[in-house]
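Welcome! Here is a short tour for someone meeting this protein for the first time. Please have a look at the sequence and the model, then read on.

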Amino acid sequence: DGGVGVIFSRLAIEGPIIEDKLSFLVAARRSYIDVLAKPFLEDGLEDSQFYFYDLTAKTNWKIDENNTIFASGYFGRDVFGAGFGFDWGSETFTTRWNHLFSDKLFSNTSLIASNYAYEFKIGSGDDAFGVKAAILDYNIKQDFSYYFNDKNTIKFGLNTIYHTFSPGELIATNPSFTPIKLSKRLASENAVYIQNEQKFSELFSIQYGIRYSFFSSLGNNDSIKTFNEEGIQTGSVYYQKHESAKFYGGFEPRLAMKYMLDETSSVKMSYNRNYQYIHLLSNTNASSPTDAWVPSSNNIKPQISDQFSLGYFQNFKSNTYKFSVEVYYKNMQNQIDYDVSVSKYINIAKSRIRGAQLSFSKQFQSDLSLNSTLTYQSAKNLKTNKDLGRTPDFLASVEMSYKIGNKQRLTNWW
């Protein structure tokens, strides 16, 4: 299977290796905007680069009726440059073992490795220099599903992630330049959970559960500085590799309820709490590949969010049309913000988001199935941060008042 488009081309190969036992899929894409634009570029832009490429590979191996192994890998990069250069991408590899203990209990065991890296360059020849950074994760997940009876489905499991953060390295092509490299930051993130989906009747169902997550900032044979709430350094402590420098943890309850008003309409309500131990640091309103991700530490607490939502959902003409309206409120603690007085990112803000979303979609039934969804969203993000000398409530840099979007999805394509 393949195709040649105006912007990119794709090629996919799939088939059985052993019939009904082992199969594979390999797919690749590459854009060529840079090739098409090259004849029109001048004034030093002839070597500009604008392209992306990715490669996906999957295989399924059915060992027997109770055991199946799934393996997949992904490699992709984006390159953008015109007198400067952005180069970012990720690689992931996943292996999942599905095992059936009985007709009521089965498990999924997953091993995941991922690496995200970016590099920014400017200049040319011996005057070129740049910055690069990366995040490497190793993840183990164990999930169980137990069909207790026709009214209760219980899910439980655990998850552990080992993070390696390479926060930054200054590089240059000049041979006399000595690279400057920040020490790697290590961390472990773990969680255990249990939930139950319970049907009280044909009209009313509820899903409830609790998750406990915990996080450790780990030493790496180096010293970690500590700061007070004003951003002033108060000390420095040496930690050996993998020695716990700071521990955080908390319970994350969640609840979702659904009540069918009739065969085509329902009301849904939900609440959930989440701890976020990895933070996105940016001093711009727009996202960038060079935005930094850093772990919680002695100086940065995990962000905590509590979200409530209530919505009405309606289907028409045998699910051909779908309409929904939903309101939500989200309260967030320990928000990261940039304190210009000390030139540091610290936990100095709280945030509250109130919003509503309207959605309408239509399913087109044909050999080529097209699902088109139109959404309208209105939201306001208010922060409270007296330490920055602002009013008690101010609009966050990512505040969104209104948003209209249209999403289309094709299925049964070839």
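## A first look around

At 10% relative accessibility, Ala133 counts as buried, where buried means under 20% relative accessible area, exposed over 50% and partly exposed in between (1.4 Å probe, protein chains only). You will find Ala133 in strand S8, residues 129-149. Helices (H or I, at least four residues) and strands (E, at least two) are DSSP runs, numbered from the N terminus. Setting aside neighbours within four places in sequence, Ala133 is in contact with Tyr116, Ala117, Tyr118, Ser166, Pro167 and Gly168; contact means heavy atoms within 4.5 Å. The C-alpha atoms of Ala133 and Ala292 are separated by 8.4 Å, although their positions lie 159 residues apart along the chain.

A word on the source: this is a predicted model, in which local features need pLDDT of at least 70 and side-chain atom pairs count only at pLDDT 80 or more, while totals for chains, interfaces and linings use all residues. Residues are numbered from 1 along each chain as its sequence is written, and side-chain values use heavy atoms, with hydrogens and water left out.

## The whole protein

The secondary structure comes to 1 helix and 24 strands. Of the 414 residues in the protein, 31% are buried. Among contacts between residues at least 6 apart in sequence, 55% join residues at least 24 apart. The protein exposes about 25,200 Å², and carbon and sulfur atoms supply 58% of that area, as computed by the Shrake-Rupley method with a 1.4 Å probe; for residues, only the protein chains shown count as cover.

## Inside and outside

The largest nonpolar core has 9 residues: Ile135, Phe165, Ala187, Phe215, Tyr248, Tyr275, Tyr277, Ile278 and Ile304. Such a core is a set of buried Ala, Val, Leu, Ile, Met, Phe, Trp, Tyr and Cys residues joined through side-chain atoms within 4.5 Å. Not counting residues up to four places away in sequence, Phe215 touches residues including Ala187, Tyr248, Tyr277 and Ile278.

On the surface, Leu203, Tyr208, Leu255, Tyr259, Leu261, Val267, Met269, Leu310 and Val327 make a nonpolar patch of about 710 Å². Patches are made of residues with over 30% relative accessible area and no salt bridge; like charges are joined within 9 Å, and nonpolar side chains (Val, Leu, Ile, Met, Phe, Trp, Tyr) within 5 Å. Strands S15 (244-260) and S16 (265-276) each supply at least two residues of the patch. Met269 is found in strand S16 and is partly exposed because its relative accessibility is 36%.

## Charged pairs

Side chains of opposite charge can pair when their charged atoms come close. A search of the whole structure finds 9 salt bridges, each a side-chain nitrogen of Lys or Arg within 4 Å of a carboxyl oxygen of Asp or Glu. Three of them are listed here.

| Salt bridge | N to O distance |
|---|---|
| Arg185 and Asp222 | 3.5 Å |
| Arg254 and Glu252 | 3.3 Å |
| Arg273 and Asp306 | 2.8 Å |

Arg273 lies in strand S16 and Asp306 in strand S19 (residues 303-316), so this pair ties together parts that are 33 residues apart in sequence. Arg273 is partly exposed at 21% relative accessibility, whereas Asp306 is buried at 8%. Elsewhere, Arg77, Asp87 and Glu91 are joined into one network by salt bridges that share partners.

How buried or exposed is Glu252? Its relative accessibility is 0%, so Glu252 counts as buried, while Arg254 is partly exposed at 29%.
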